[in-house]
Amino acid sequence: MPNTTPHLAPCDLSRLIRPRSIALVGASDRPQSIGGRTLANLIDHSAPVGELYLVNPTKTELRGRRCWPSIASLPETPDVAVIAVPAANVLGVVQECAARRVPFAIILTSGFGEAGEEGERAQEQLKDIAAAAGMRIYGPNCPGLTNVNQGLGMTFSPSFPHDLVKGPIGLATQGGGLGRNVMQAMERGIGIGLWASTGNEVDLQVADFIQYMATAPDIKVIVTLLEGIKDGPRFLAALRCAADNGKPVIALKVGKSEYGRKAAQSHTASLTGSAEVNSAVFKQYGVIEVDDIDELVDTAWLFARGLPGAQEGIGIYCSSGGTAALTADAVGTAGLTLAEFAPETTRVLRERLPDYAAIGNPVDTTAAILSDAELIEQTLGTVAADPHLGCVIAPIALDYGETTIRMAQTIIAAQQRCPTPIVPIWMSDRLGEGYRLLVAGGFAPPRSVGKAV
């Protein structure tokens with residue numbers, strides 16, 4: 001099947017994702033309203049766009065800026081209309097946008113396909129209006145679009161100002177809450193450059209954003225959370241494009257049980273499909289399927305730091321014998337392989353580590369050398385540079401204050417000298433300064449051996 005799926009003509013989303021002009025319809029001076037929050041995000045927390053037009057027929061100005069009564073009255077046609085008006089007024093605004101030939105409309109408003117028969121009829125009307133005018137619709141029932149790498153938040157989310165760590169991961173979701181949960185992995189040092197949360201997908205779908213990210217130069221890894229797949233060929237074409245461009249896709253698909261399927265249907269009116277069929281298709285197209293958010297985040301960040309190469313063996317570097325054994329057990333249970341060190345690696349470890357240290361794989365330096373940061377950096381760097389390794393796991397069992405701070409510093413220094421990803425595991429519930437150093441260094445430490453492996 002993968003070899004026979006036709007390539008579908010992708011939609012050019014560049015003017016949606018990097019607009020030169022934006023109209024906010026429903027701009028408001030009520031700070032807790034959708035229009036008020038979106039206005040604050042665009043004015044106070046976003047990088048300047050070419051033009052930002054505020055549209056509200058009851059106002060002549062907001063925040064010291066001119067307010068226009070309608071889309072039709074604007075001096076130019078904006079690239080994007082962000083619509084933040086009540087559901088009863090959305091169709092009229094969309095008709096105005098269509099008449100003005102606005103290329104893209106982001107509909108933040110809820111109350112459509114997820115809200116019963118009347119909402120479904122209104123959603124079909126949205127689709128017909130847009131199709132007749134050649135306009136593309138994003139949403140409805142969505143939190144908006146966040147382009148972190150460009151510093152642009154076309155969103156009403158009050159969390160937008162706090163989730164602004166630029167990075168190489170692209171995120172495409174249907175639901176907003178879980179998507180924001182992934183965005184807040186930035187607290188662990190992860191950078192997410194673009195988040196599209198497509199809501200009811202009356203027109204634009206997750207597939208369109210996977211397709212865009214597949215060729216976007218600032219995105220290395222694509223992450224998607226799916227409730228349903230509305231257009232199979234379109235989705236498969238996007239996966240093929242990602243594979244052709246060497247962009248790994250990490251997917252979390254909800255709706256694997258009857259309970260989950262019913263919940264997804266009521267949320268964004270998504271039909272989830274067969275979990276078995278979805279998983280089989282993912283496997284055919286090289287998509288990495290995960291089972292929870294932690295796994296999604298950890299997997300995506302590891303791929304962002306380094307793609308798998310010819311060598312996939314794992315090295316373990318630790319100062320606790322019990323922790324080294326626990327980690328080795330997890331590697332073996334997962335069906336992964338501990339690498340056999342090259343002779344040069346073994347020679348350096350034998351020369352540099354105490355006689356009572358274990359210099360095979362896993363390496364157990366013992367706690368006796370934790371006071372010698374230079375020694376740890378040299379030996380960890382030697383392990384990470386071993387030609388037989390694809391990555392190094394460095395479990396940190398507990399927070400020892402200054403000692404653990406030095407360990408974090410040596411991990412950071414060793415990583416700067418070698419391309420092989422080092423994955424520190426912060427196992428302690430005490431999140432000390434060492435943990436914060438690793439986060440600031442972009443390591444996003446997993447919190448358990450099982451999750452890391």
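Two strands pair if DSSP finds at least two bridges between them. Keep that in mind for the opening stop. The model on screen is predicted.

**Stop 1: strands 17 and 18**

Select strand 17, residues 389-396, together with strand 18. The two run parallel, and five bridges join them. Now pick Ala 394. Which residue of strand 18 is the bridge partner of Ala 394? The partner is Pro 424.

Add helix 14, residues 402-416. Strand 17, helix 14 and strand 18 together make a right-handed β-α-β unit.

**Stop 2: around strand 18**

Stay on strand 18 and show residues 422-426. Five of the five residues are buried, so strand 18 is largely enclosed by the rest of the structure. Look at one side: Ile 422, Pro 424 and Trp 426 are there, all buried. Turn to the other side: Val 423 and Ile 425 are buried too. Both faces of the strand are covered. Pro 424, the bridge partner of Ala 394, belongs to the side with Ile 422 and Trp 426.

**Stop 3: a long-range salt bridge**

Next come the charged side chains. Side chains of opposite charge can pair when their charged atoms come close. The structure holds 17 salt bridges.

Select Asp 298 and Arg 188. Their closest N and O atoms are 2.5 Å apart, and the two form a salt bridge. This pair links distant parts of the chain, 110 residues apart. Asp 298 sits in helix 10, residues 293-305. Arg 188 sits in the loop between helix 5 (177-183) and strand 11 (192-197).

Are these two residues buried or exposed? Buried means under 20% relative accessible area. Asp 298 has 14% relative accessibility, so it counts as buried. Arg 188 is at 15%, so it is buried as well.

**Stop 4: a bridge within helix 12**

Move to helix 12, residues 343-352. Select Glu 344 and Arg 347, which lie three residues apart, about one turn of the helix. Their side chains meet in a salt bridge, 2.4 Å from N to O. Glu 344 is partly exposed, at 45% relative accessible area. Arg 347 is partly exposed too, at 35% relative accessibility.

**Stop 5: Arg 234 and Asp 231**

Show Arg 234 with Asp 231. Here the salt bridge spans 3.8 Å, N to O. Arg 234 is buried, with a relative accessible area of 18%. Asp 231 is partly exposed, at 24%.

**Last stop: a network**

Finish by selecting Arg 15, Arg 20 and Asp 79. Salt bridges link these residues in a network.

Notes:
Residues numbered from 1 in each chain as written. Predicted model: local features only at pLDDT ≥ 70, side-chain atom pairs only at ≥ 80, totals over all residues. Heavy atoms only, no water. Salt bridge = Lys/Arg side-chain N within 4 Å of Asp/Glu carboxyl O. Helix = DSSP H or I, 4+ residues; strand = E, 2+ residues; numbered from the N terminus. Buried < 20%, exposed > 50% of the residue type's maximum accessible area, 1.4 Å probe, protein only. Right-handed = clockwise from strand over helix to strand, strands pointing away.
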